[in-house]
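Work through the exercises below with the sequence and the structure in view. Each task is followed by a solution that goes step by step.

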Amino acid sequence: MSVTSVVGTQWGDEGKGKVVDLMARQADVIVRFQGGNNAGHTVIVNGDKFELHLIPSGILYPEKKSVMGGGMVVNPQALLEEIDALKERNISFDNFYISDTAHLVLPYHMVLDRLEEEMRGSEKLGTTSRGIGPAYVDKAARRGLRMGDLLHRERLAGRLKAALNYHNHILEKAFNQKGFSYQEAFNSLWEAGRRLAPYITNTALLLDRWREEGQHIFFEGAQGTLLDIDHGSYPYVTSSTTVAGGVCHGAGLGPGRIDQVIGVTKAYMTRVGEGPFPTEDKGKEGKRLREEGHEYGVTTGRPRRCGWLDLPLLRHACRVNGINFLALTKIDVLSGHPEIKVATGYMVEGEEFMEMPTDTDLLGRCEPAYDSLPGWEEDISQIKNFDDLPENARKYIDYIEKKMGLPIKLIGVGPERNQVIVRGDL
Ligand code: IMP
């Protein structure tokens, strides 16, 4: 495995949790490199459900190392709650590391996230309200606070004062809201810092050392390619680099060090929040996908918009991530659908497009051209071998492989950890 990264090829919620968990079993080190608690992985182990928002799935294996990389934005209170909830279920934190360069999501970021959304009116993005965008803004504006600042009382005080000066001014003068008390903010942050301090370290250095020693490192991407700040459907995106390249600056590993990228794609598509979704099915088939696929957000509980697989978008994801093979998830949800549609290209005002337009308005006007594939009736959730799948399910998988020119090596047939078909070496 060496150094492998897994990324979502859609708008997040591709079912990465299961693929990540499976790959994590073969890894020594599991790393998150971007995003924050806007993400939510559900992992089911022996019927026990774990919902992880910030902490890498590797934490479920006591002997493996779990790393929160520097490209993340971390809400310290949310992290402590997640740690406490896992410790209560006897999960060990002996091999847990947080990058000292990861940025902090602070209470004013969450307030700003909400206020900025309100201000956007009909142009709202539908964010998760976790303060992710405003935290990345502060990072780029060089007024962010980092994990490492929590280790130094004087430095933390100085940086927090400067950040609050700015944010209280904006909150009070621009938004007519109450600002935050410095002392209260400092006390709660310093206290959180005391508890997080044992885990905070230079993780880029550790990762390089572990790689040199031949340890297998696995990067778990959060969100998906179409939510990437540069390669997604801007501005309806998140604020981090969700594509595989994000591993390099998010975790501090050079590009040549990544050996393999796995793209996770759901057998259909979903989106939460606003923005274009050419293959969205607002009718009864879309509703059926939502109910049978339990398509409600792990983080916010919002119903997901549902629709059909979109090949131009998948091709875009394969290209910008340099994907080596695909994992197809939730194909069991398609059982019982008489017809399975797949978008092969688009028409916009009489013009044909075979690739995803980078112009998001244009993407919003795309009318998909569909191939229609026959469905299957059988329950496939207990199938372990590709050859035992119904013929039409196999045809659907073959079809995607041919269209993408990539193998599908993992096929998810149900939510449990073992409900997956593995084809060949990973
Ligand atoms: P933010 O990341 O909270 O700023 O939200 C920006 C956009 O990304 C919104 O459309 C969110 O719904 C979407 N988003 C963020 N995180 C996830 C995720 O983990 N899954 C799906 N959508 C997400």
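**Exercise 1.** Decide whether Met-72 is buried or exposed, and describe its surroundings.

*Solution.* The model is a predicted one, and the first step is to compare the accessibility of the residue with the cut-off, which for a buried residue is under 20% relative accessible area. Met-72 has a relative accessibility of 1%, and therefore it counts as buried. The next step is to place Met-72 in the chain, where it sits in the loop between strand S5 (65-68) and S6. Leaving aside residues up to four places away in sequence, Met-72 touches Arg-32, Phe-33, Gln-34, Gly-35, Gly-36, Leu-54, Ala-102, His-103 and Tyr-136. As a last step, take a distance: the C-alpha atoms of Met-72 and Gly-263 are 20 Å apart in space, while 191 residues separate the two in sequence.

**Exercise 2.** Find which residues of helix H4 are buried, and say what covers them.

*Solution.* Helix H4 runs over residues 132-141, and its buried residues are Ile-132, Pro-134, Ala-135, Tyr-136 and Asp-138; Tyr-136 is also one of the residues that Met-72 touches. The cover over the buried residues of H4 includes two strands, S6 (73-74) and S8 (103-104), together with helix H3 (107-120) and helix H5 (153-174). Following the chain onward, one finds after H4 the residue Arg-142, which has a positive phi near 65 degrees.

**Exercise 3.** Describe the shell around the ligand, and state how much of the ligand the protein buries.

*Solution.* Begin with the residues: 15 of them surround the ligand, and those that come nearest are Asp-13, Asn-38, Thr-128, Thr-238 and Arg-302. Sorted by class, the shell holds six nonpolar, seven polar and two charged residues. Then look at single atom pairs, where a nitrogen atom of the ligand lies 3.2 Å from a polar side-chain atom of Asp-13. An N or O atom in the side chain of Asn-38 is 2.9 Å from an oxygen atom of the ligand, and for Arg-302 a side-chain N or O atom is 2.9 Å from an oxygen atom of the ligand. Taken alone, the ligand exposes 470 Å², of which the protein buries 96%.

**Exercise 4.** Explain why the radius of gyration of the protein agrees with that of a compact globule.

*Solution.* For 426 residues, a compact globule would have a radius of gyration near 22 Å, and because the protein has 22 Å, the two agree. Alongside this, the C-alpha trace spans about 65 × 50 × 40 Å along its principal axes, and buried residues make up 58% of the 426 residues.

Note on methods
Residues are numbered from 1 along each chain as its sequence is written. This is a predicted model: local features need pLDDT of at least 70, side-chain atom pairs count only at pLDDT 80 or more; totals for chains, interfaces and linings use all residues. Side-chain values use heavy atoms; hydrogens and water are left out. A residue is near a molecule or strand if one of its heavy atoms lies within 4 Å of it. A polar contact is a pair of N or O atoms within 3.5 Å; within protein, one must be able to donate a hydrogen and the other to accept it, and residues adjacent in sequence count only if both atoms are side-chain atoms. Accessible areas come from the Shrake-Rupley method with a 1.4 Å probe; for residues, only the protein chains shown count as cover. Ala, Val, Leu, Ile, Met, Phe, Trp, Tyr, Cys and Pro count as nonpolar, Asp, Glu, Lys and Arg as charged, and the others, Gly among them, as polar. Buried means under 20% relative accessible area, exposed over 50%, partly exposed in between (1.4 Å probe, protein chains only). Helices (H or I, at least four residues) and strands (E, at least two) are DSSP runs, numbered from the N terminus. Contact means heavy atoms within 4.5 Å. The radius of gyration is taken over C-alpha atoms; the globule rule is 2.2 Å times the number of residues to the power 0.38.
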